[in-house]
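New to this one? Here is a quick briefing to read alongside the sequence and the 3D view.

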Amino acid sequence: MNQKSSYSDINLSSWINFLPSSLKPYAILSRLDRPIGNWLLFIPGLWGILLPHQINWAIRLKLIFLFALGSIIMRSAGCVVNDIWDRDFDRQVARTQQRPLANNTISLKRAVCFLLVLLALGFLVLLQLNPLSWLLGASSLILVALYPGAKRIFAWPQLVLGFTFGFGAPLGYTAATGCLSWSQFALYAATIFWQIGFDTIYGYQDIEDDQRIGVKSTARWAGEAGKIFVGTNYGFCIIMLLVAMILNQNSWVSFCALLLPLSHFIWQLKNFDLCNPTCCLILFKSNRDAGILIALALLMGNIFQ
């Protein structure tokens, strides 16, 4: 069982404890002790790679590897950007006050240098894709930079997060096909609704602290209607997945396979306890499984074309 302190979201028993003391703060800053964020960034790209038909499977596998690597790098970069923006807020929230920038383990200057290294590595991965993907990948940096500020001025910052984390869907599709399509836009919309839903669940962990320090979230906006709000977003996610599959002319098998993630979403809503942070974290992490089930449905669309 992972041990967590009562005041921090940092994993105290992960593999990063075996790193040299000089590297450990950077691993914590990158959230390498919590890979769920890597999964949630990678999965939309996986969807985009699996959606189109008639793509050589060697190409798909190469892209899946590149997107997995890129997700680790860019999720780390996003965490650094987030913590640079939020270092003053993080000092006021019990769950985040031991993050390296909040407790001054890493200086702002060193964090910026680390960010530049991560962006350079991400750029090298991006260069392995086609030119249209270069343009899309570079434009996603605008979203990465804007999300942390959205929490200060916008009641629905999770919408910005959805556009940001879900950007892998059009990027994956473009990397596989070299073009854009209406089915890809529908898939992107599905990722946005999915991300709003699960990050709202995540937001209920900090709702009291967020209200005290003035950080906005869809959890605060929805309040006691959280189940309805999350369920609505999950419902629109399934609808937009259906639209993407129809436009993509998927087989009936892939439509039947969507019953699996739909059942998972229903299970989440049945067990969602707005006042139980532990429950919220478990359900948030379970979206890795929901995302993989959706990927499976898209895979069925190619196997049984």
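What follows is a short tour, grouped by topic.

Keep in mind that this is a predicted model. The tour takes in five salt bridges, a nonpolar patch of about 700 Å² on the surface, a few helices and the cysteines. The disulfide count is zero.

**Salt bridges**

- Let's start with D33 and R34, whose side chains meet in a salt bridge at 3.6 Å, N to O.
- Are these two buried or exposed? D33 counts as buried because its relative accessibility is 5%, under the 20% cut-off. R34 is buried as well, since its relative accessibility is 12%.
- R99 and D83 form another salt bridge, again with 3.6 Å from N to O. This pair ties together distant parts of the chain, 16 residues apart: R99 sits in the loop between α3 (57–90) and α4 (108–126), while D83 belongs to helix α3.
- Both R99 and D83 are buried.
- There's a network here too: salt bridges link R31, D83 and R99.
- R91 and D88 also pair up, with 2.5 Å between N and O. R91 counts as partly exposed because its relative accessibility is 34%, and D88 is partly exposed at 46%.

**The nonpolar patch**

- Which residues make the nonpolar surface patch? They are L180, W182, F185, F236, I239, V243 and L247.
- Two elements, α8 and α11 (226–247), each give two or more residues to the patch. The top contributor is α11, with four residues.
- F236 is a patch member that lies in helix α11. With a relative accessibility of 39%, F236 counts as partly exposed, and a patch residue needs over 30%, so F236 clears that bar.

**D199 in helix α8**

- Helix α8 covers residues 182–203, and D199 is part of it.
- D199 is buried, because its relative accessible area is just 9%, under the 20% cut-off.
- What does D199 touch? Leaving aside residues up to four places away in sequence, D199 contacts Y147, Q158, L161 and F284.

**Helices α14 and α15**

- Helix α14 runs over residues 277–285, and K285 is found there. K285 is partly exposed, with 34% relative accessibility.
- Along the chain, K285 and L41 are 244 residues apart, yet their C-alpha atoms are separated by 13 Å.
- Helix α15 spans residues 287–303, which makes 17 residues. How far apart should its ends be? At 1.5 Å a residue the expected span is 24 Å, because the rule multiplies 1.5 Å by one less than the number of residues. The end C-alpha atoms are indeed 24 Å apart, so the two values agree.
- Plenty of names turn up on the buried list for α15: N287, A290, G291, I294, A295, A297, L298, M300, G301 and N302.

**Cysteines**

- Why is C256 in no disulfide? A disulfide needs two cysteine sulfur atoms within 2.5 Å, and the nearest cysteine sulfur, that of C237, is 18 Å away, so C256 doesn't qualify.
- C256 is partly exposed, with a relative accessible area of 41%.
- C179 is partly exposed too, at 35%.

Key. Residues are numbered from 1 along each chain as its sequence is written. This is a predicted model: local features need pLDDT of at least 70, side-chain atom pairs count only at pLDDT 80 or more; totals for chains, interfaces and linings use all residues. Side-chain values use heavy atoms; hydrogens and water are left out. Buried means under 20% relative accessible area, exposed over 50%, partly exposed in between (1.4 Å probe, protein chains only). Contact means heavy atoms within 4.5 Å. Patches are made of residues with over 30% relative accessible area and no salt bridge: like charges are joined within 9 Å, nonpolar side chains (Val, Leu, Ile, Met, Phe, Trp, Tyr) within 5 Å. Accessible areas come from the Shrake-Rupley method with a 1.4 Å probe; for residues, only the protein chains shown count as cover. A salt bridge is a side-chain nitrogen of Lys or Arg within 4 Å of a carboxyl oxygen of Asp or Glu.
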